[in-house]
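User: I would like to learn how to read a fold from its contacts, its core and its strand pairing. Could you take me through one example, giving the general idea each time and then the case at hand?

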Amino acid sequence: MGDSMRRVIGLVLLLLSVSLSAQALSWAYAFVVLDGRVYEVMDVAVLEADLGEVVGEVKTMADDMDGSYYGDASNMYPVGTTYRKVNGEAMEDVLAVEGGSGWKRAEYRHDAPFSMRDHLDKVAYAVFGIGAVLFVSTRVKKRHKN
């Protein structure tokens with residue numbers, strides 16, 4: 001295994017560890033994800049009168065082991081939990097999340113961390129591209145030495 005290949009693998013591992021550490025940090029509170037946006041679920045009730053249309057639902061559970069999640073996920077709410085718009089609030093800022101005894105306010109915190117599962121094809125192309133560039137550049141260097 002050449003140095004260039006080791007460098008590529010090192011780079012990929014670095015990328016993976018960066019994305020995983022970003023995900024593990026977000027376990028400090030209950031959250032739901034909608035369209036790549038992470039919302040913290042607050043202990044604040046949303047009144048029936050303020051509920052708007054249904055805008056989505058929990059489709060996947062976040063992984064307890066490594067803290068990763070992808071798609072419309074949650075770490076506390078089961079798959080099938082509904083999200084609704086809150087009247088008078090932008091959906092990008094606030095959602096209502098179906099809780100055990102009613103609806104809870106969820107506030108936008110940050111965009112979901114880059115998830116490898118969402119972008120596996122792009123990651124594979126990037127790794128292949130980096131590998132190809134390094135392979136070609138090492139070939140070219142060797143030719144100049146002779």
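User: Where should I begin, and what share of the contacts with a separation of 6 or more comes from residues 24 or more positions apart?

Analyst: Begin with the contacts, where contact means heavy atoms within 4.5 Å; in this chain, residues 24 or more positions apart account for 64% of the contacts with a separation of 6 or more. Keep in mind that this is a predicted model, in which local features need pLDDT of at least 70 and side-chain atom pairs count only at pLDDT 80 or more, while totals for chains, interfaces and linings use all residues. Residues are numbered from 1 along each chain as its sequence is written, and side-chain values use heavy atoms, with hydrogens and water left out.

User: How many helices and strands does the chain have, and in what order do they run?

Analyst: Helices (H or I, at least four residues) and strands (E, at least two) are DSSP runs, numbered from the N terminus. The chain has 2 helices and 8 strands, and from the N terminus on the order is α-β-β-β-β-β-β-β-β-α.

User: Which residues make up the largest nonpolar core?

Analyst: In soluble globular proteins, nonpolar side chains tend to be buried together. A nonpolar core is a set of buried Ala, Val, Leu, Ile, Met, Phe, Trp, Tyr and Cys residues joined through side-chain atoms within 4.5 Å, and buried means under 20% relative accessible area, exposed over 50%, partly exposed in between (1.4 Å probe, protein chains only). Here 31% of the 146 residues count as buried, and the largest core has 11 residues: Ala-30, Val-32, Leu-34, Tyr-39, Val-41, Val-58, Tyr-77, Tyr-83, Leu-95, Val-97 and Ala-106. Strand E1 (31–34), strand E2 (37–46) and strand E7 (94–99) are the elements that give two or more residues to this core. A second, separate core of 7 residues includes Val-38, Ala-62, Tyr-69 and Ala-73.

User: Which strands does E2 pair with, and in what direction do they run?

Analyst: Two strands pair if DSSP finds at least two bridges between them. E1 and E2 run antiparallel and are joined by 4 bridges, with Leu-34 having Arg-37 as its bridge partner in E2; their hairpin has 2 residues between the strands, and Asp-35 in this hairpin takes a positive phi near 50°. E2 and E8 also run antiparallel, joined by 7 bridges, and Glu-40 stands opposite Glu-107 in E8.

User: What can I learn from Val-44 in strand E2?

Analyst: Val-44 is partly exposed, with a relative accessible area of 39%. Its C-alpha atom is separated by 5.5 Å from that of Lys-104, 60 residues apart along the chain, and, leaving aside neighbours within four places in sequence, Val-44 is in contact with Trp-103, Lys-104 and Arg-105.

User: How many aromatic pairs are there, and what is the geometry between Tyr-39 and Tyr-108?

Analyst: Rings of Phe, Tyr and Trp (its six-membered ring) pair if their centres lie within 6.5 Å; planes under 30 degrees apart count as stacked, over 60 as edge-to-face and the rest as tilted. The count comes to 1 aromatic pair: Tyr-39 and Tyr-108 are edge-to-face, 6.1 Å centre to centre with 70° between the planes. Tyr-39 lies in strand E2 and Tyr-108 in strand E8 (residues 102–111), so the pair ties together parts that are 69 residues apart in sequence. Tyr-39 counts as buried at 1% relative accessibility, whereas Tyr-108 is partly exposed at 27%.

User: Which charged residues sit over rings?

Analyst: A charge sits over a ring if NZ of Lys or CZ of Arg is within 6 Å of the ring centre and within 35 degrees of the ring normal. The charged end of Arg-37 sits over the ring of Tyr-108, 4.0 Å from its centre, and Arg-84 lies over the face of Trp-103, at 5.2 Å from the ring centre.
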